[in-house]
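What follows is a report on one protein chain, which moves from individual strands and a helix to loop residues and then to the chain as a whole.

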Amino acid sequence: MPATTNFFRVDDLLVQIYKSEVEMAEKVAEIAQNYLKQVLCQQETAVVLLATGNSQLKFLDALITFGDVDWSRITLFHLDEYLGITADHSASFRRYMQEHVEKRVCPQQFHYIEGDALQPLAECDRYTKLLQAQPIDLCCLGIGENGHLAFNDPSVANFQDPYSVKLVKLDTVNRQQQVNTGYFPNIDSVPQYAFTVTLPLICSAKKILCLAPEKRKAQIVKQILTGSININSPASILRQQSQATLFLDANSASLL
């Protein structure tokens, strides 16, 4: 099994650092697997909130490959989706989840945000009701280069958000990140607006596993862990969550 090179707490947040992204992903998958098995021993079903992005690919693949999780008893949600994007668009988060997760595990149900809904505000209400129908047992997510969780960019993040799901305007750093990671050919092709699950809803999860590998995350990781807890670094809210763990590799932890 992968060996932790370092672990410590920053306020209430547990931080674990691994030598490589592969080791990190396998360890998070092991933790998620054991936790879901434990939850399903105590209750009939489990609810899991998943994220997309490059930081999640190795983790999701490891979790599914490990097996031994009864996905037929698990309901899945995802964190965000671009406004106006169809489910078959190459950058659609629905497509990402269908290809990388749903088709491989056949969950009890996978609730998707319909990015191309004709009434976006009604779609926010629909998804909110689905999310609020039961507690979230596990949330797995990453951190954006501007410190966002889901699409809660600094300009729209709210630690006391009254909404569970909302429409937001994406900032330039976020949109450029989508280009840099290969999801869009240029910034003009990245939608300006998106649906996102909000910070209070994320923090309501009983367990939070946050993965932030790669050198490009080093600066924001340092800011989140050594700066103050404020909306300029939305992910800093994790420092107030005792149920959360932040997983880093040597590259993303290089400035600590």
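In this predicted model, strand 10 (residues 208-211) sends the side chains of Ile208 and Cys210 one way and those of Leu209 and Leu211 the other way, and all of these residues are buried. In a regular strand the side chains alternate between the two faces of the sheet. Strand 10 pairs with strand 7 (residues 138-142) in the parallel sense over 4 bridges, and in that pairing Gly142 has Leu211 as its bridge partner in strand 10. Strand 10 is also joined by 4 bridges to strand 11 (residues 244-249), again with the two running parallel; here the bridge partner of Ile208 in strand 11 is Ala244.

Strand 11 leads on to strand 2 (residues 13-18), since strand 2 and strand 11 pair in the parallel sense over 5 bridges, with Phe247 of strand 11 standing as the bridge partner of Gln16. In strand 2, 6 of the 6 residues are buried, and the strand is therefore largely enclosed by the rest of the structure. Leu13, Val15 and Ile17 point one way from strand 2, whereas Leu14, Gln16 and Tyr18 point the other way, and burial applies to all of them. Strand 2 has a further pairing with strand 1 (residues 6-10), antiparallel in sense and made over 5 bridges, in which Phe8 stands opposite Val15 of strand 2.

The strand pairings described so far are collected here.

| Strands | Sense | Bridges |
|---|---|---|
| Strand 7 and strand 10 | parallel | 4 bridges |
| Strand 10 and strand 11 | parallel | 4 bridges |
| Strand 2 and strand 11 | parallel | 5 bridges |
| Strand 1 and strand 2 | antiparallel | 5 bridges |

The hairpin formed by strand 1 and strand 2 has 2 residues between the strands, and within this hairpin Asp11 takes a positive phi near 55 degrees. This backbone value is found in Asp11 although the residue is not a glycine. Asp11 lies in the loop between strand 1 and strand 2, and because its relative accessibility is 46%, Asp11 counts as partly exposed, the range for that class being from 20% to 50%.

Ala150 likewise has a positive phi of about 55 degrees although it is not a glycine. Its place is in the loop between strand 7 and strand 8 (165-169). Is Ala150 buried or exposed? With a relative accessibility of 7%, Ala150 counts as buried, since the class is defined by a value under 20%.

Helix 2 (residues 54-66) contributes several buried residues, namely Ser55, Gln56, Phe59, Leu60, Ala62, Leu63 and Ile64. What covers the buried residues of helix 2 includes both helices and strands: helix 1 (21-42) and helix 3 (93-105) on the one hand, and strand 3 (46-50), strand 7 and strand 10 on the other. Strand 10, whose own residues Ile208, Leu209, Cys210 and Leu211 are buried, is thus one of the elements that cover this helix. After helix 2 comes Gly67, whose phi is positive, near 70 degrees.

Val69 also belongs to the stretch beyond helix 2, in the loop that runs between helix 2 and strand 4 (74-78). Although it is a loop residue, Val69 counts as buried, at 11% relative accessibility. Which residues does Val69 touch, not counting residues up to four places away in sequence? They are Gln33, Leu36 and Ile74. For Val69 and Leu36, a separation of 33 residues in sequence goes with a distance of 7.0 Å in space, C-alpha to C-alpha.

Turning to the chain as a whole, the protein contains 7 helices and 11 strands. Its radius of gyration is 17 Å, close to the 18 Å that the globule rule gives for 256 residues, so the protein is as compact as a globular protein of that length. The C-alpha trace spans about 50 × 40 × 35 Å along its principal axes. Buried residues make up 57% of the 256 residues, and of the contacts between residues at least 6 apart in sequence, 76% join residues at least 24 apart.

The accessible surface comes to about 10800 Å², and 49% of it belongs to carbon and sulfur atoms. As for charge, the protein has 22 positive and 27 negative side chains, and the centres of these two sets lie 4 Å apart.

Definitions and conventions: Residues numbered from 1 in each chain as written. Predicted model: local features only at pLDDT ≥ 70, side-chain atom pairs only at ≥ 80, totals over all residues. Heavy atoms only, no water. Rg over C-alpha atoms; globule rule 2.2 N^0.38 Å. Buried < 20%, exposed > 50% of the residue type's maximum accessible area, 1.4 Å probe, protein only. Contact = heavy atoms within 4.5 Å. Areas by Shrake-Rupley, 256 points an atom, 1.4 Å probe, with all protein chains shown as cover. Lys, Arg positive; Asp, Glu negative; His and termini not counted. Charge placed at Lys NZ, Arg CZ, Asp CG, Glu CD. Pairing = 2+ DSSP bridges.
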